Amino acid sequence: SGPRHQAGRRPDHAGHVGWYARRHRWRASVQLSGKRVERLFASEDEARRWLADTVRDWKDSGVMAPATGAPSLGTYLAAWLGRQATGAKRGSSGQGRTGKTLQEYRKKVETYIVPTIGTVRLDAVTADHVEGMKHAMRQGYVPGTKVVLGRGKALSPRTINSTRGILQAALDDALRRGELSRNPARAVAPDKNPAVFQGTALTVEQWRAVLNLASANLPESVLVSLTGTLGARRGEICGLKWESVHLDDPHPWIEIGPSLQQVTGQGLTITPGKNKWSVRAISIPQVLAEHLQRVDPKVGFVVSGLRARDPSHSTLLAWEPIREAAGLTGVRLHDLRHTIATLAALSNRISEAVLKLYLGHAPTGITQVVYTNPSPAQVREATRAVADLVDELYAASFKI
């Protein structure tokens, strides 16, 4: 059957295509930045196409190692951000990152990491460099220079820790790709006792007042009714279409999934959802079903009709007048999500697992993540308990 390897033409990147007799396949292999990448194919043409595409993408990524050594950290981070935009999150079953998440990553990389340690060669980054970045962020500028970070003010421990986390994730990627032998960011501990943001949960009376005001101010206020009864995220509600609303069923339900976001440089974008658990079909309370029955038109987006609207604009039109009328100055629309979570948790009759299904939160624990896989119909049945609780709270027949 021929030799184990029959070397093909060797281009300048030292890649080659050869016959792999043991598995009766063609094997293509190439050395990229010190790491050999190999794949098997059924034909020589497929192997050569893959080899050419792989080398081209590698060169276009900007991380091709120069003759003098590894790329700078800034160059590698730029390529890493590009991969995050096209690749899937690890362990996410193909789910990619949302535009908002990528926007936040890029902002922290370009505003804090690159100005402080971006010129350091990737394989020369040490824990001291990471500590230096954190110190500069605490000052709001790079000591000894005129380089200002962000607005030039001291940054919070929360921002410092999240930036360090992004750097750690990028260097973990370099570790997996064979670019590094260790991750120096892992040797640097996060700042202690960062300020943790706490949402505001409304009282039952305040929550009822908000829903009553929303019911009387159609159609824009449907955004408030959906948030106040489902605890859904704003992007999920603004991306909700009428075709996903099922009001004719004996137990009305709704399919929540695509999220509408305003991403800088891209405009309005529809993303698959925050994570795979955020795509869900849940029962809805009767109070919400009655509100939706009175909203026209019954096509396009539930909140804004045939054309999508910027979620922040929808909030301005729908939430702010109701918030002021209810005397809740300073309370965010997202605090209605906190309210539903709090009221359901305090009722002592909704399990944590069911509440997470209702809110679209990622489950915790190996049992929920690996072994529990309810069907959409089972999720709707389980979440009916939360919908019934919302109706009872609204009717004042159940008190917390």
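1. A friendly place to begin is Arg-349, which is partly exposed because its relative accessible area of 39% falls between the limits for buried and exposed. Please keep in mind that this is a predicted model.

2. What does Arg-349 pair with? Its salt-bridge partner is Glu-392, and the closest N and O atoms of the two are 3.0 Å apart. Glu-392 belongs to helix H14 (residues 376–394), while Arg-349 sits in the loop between helix H11 (335–346) and helix H12 (352–359), so the bridge ties together parts that are 43 residues apart in sequence. Glu-392 is also partly exposed, with a relative accessible area of 26%.

3. Salt bridges are worth a further look, as the structure holds 18 of them. One of these joins Arg-83 to Asp-173, with 2.7 Å between the closest N and O atoms. This pair links distant parts of the chain: Arg-83 is in helix H2 (residues 73–86) and Asp-173 is in helix H5, 90 residues apart.

4. Asp-173 has another partner to find in the view: Arg-176 forms a salt bridge with Asp-173, and here the closest N and O atoms are 3.7 Å apart. Both residues lie in helix H5, three residues apart, which is about one turn of the helix. Taken together, Arg-83, Asp-173 and Arg-176 are linked in a network of salt bridges.

5. Is Asp-173 buried or exposed? Asp-173 is buried, since its relative accessible area is 12% and the limit for buried is under 20%. Arg-176, by contrast, is partly exposed, at 40%.

6. While you are looking at helix H5 (residues 157–176), you can also pick out Gln-168. This residue is buried, with a relative accessible area of 15%. Leaving aside residues up to four places away in sequence, Gln-168 touches Asn-183, Ala-185 and Arg-186.

7. The last stop is a pair of helices. The axes of H3 (residues 99–117) and H4 (residues 127–139) come within 10 Å and cross at roughly 125°. The two helices are therefore oblique to each other, and H3 passes H4 in a right-handed crossing.

8. Which residues make the contact between H3 and H4? From H3 come Tyr-112, Ile-113, Thr-116 and Ile-117, and from H4 come His-129, Met-133, Ala-136 and Met-137. Sorted by class, the contact has six nonpolar and two polar residues, and no charged ones.

Conventions
Residues numbered from 1 in each chain as written. Predicted model: local features only at pLDDT ≥ 70, side-chain atom pairs only at ≥ 80, totals over all residues. Heavy atoms only, no water. Axes fitted to C-alpha atoms, helices over the stretch in contact; angles between N-to-C directions. Helix = DSSP H or I, 4+ residues; strand = E, 2+ residues; numbered from the N terminus. Parallel < 35°, antiparallel > 145°, perpendicular 65-115°, else oblique. Left-handed = near helix turned anticlockwise from the far one by under 90°. Contact = heavy atoms within 4.5 Å. Nonpolar A, V, L, I, M, F, W, Y, C, P; charged D, E, K, R; others polar. Buried < 20%, exposed > 50% of the residue type's maximum accessible area, 1.4 Å probe, protein only. Salt bridge = Lys/Arg side-chain N within 4 Å of Asp/Glu carboxyl O.
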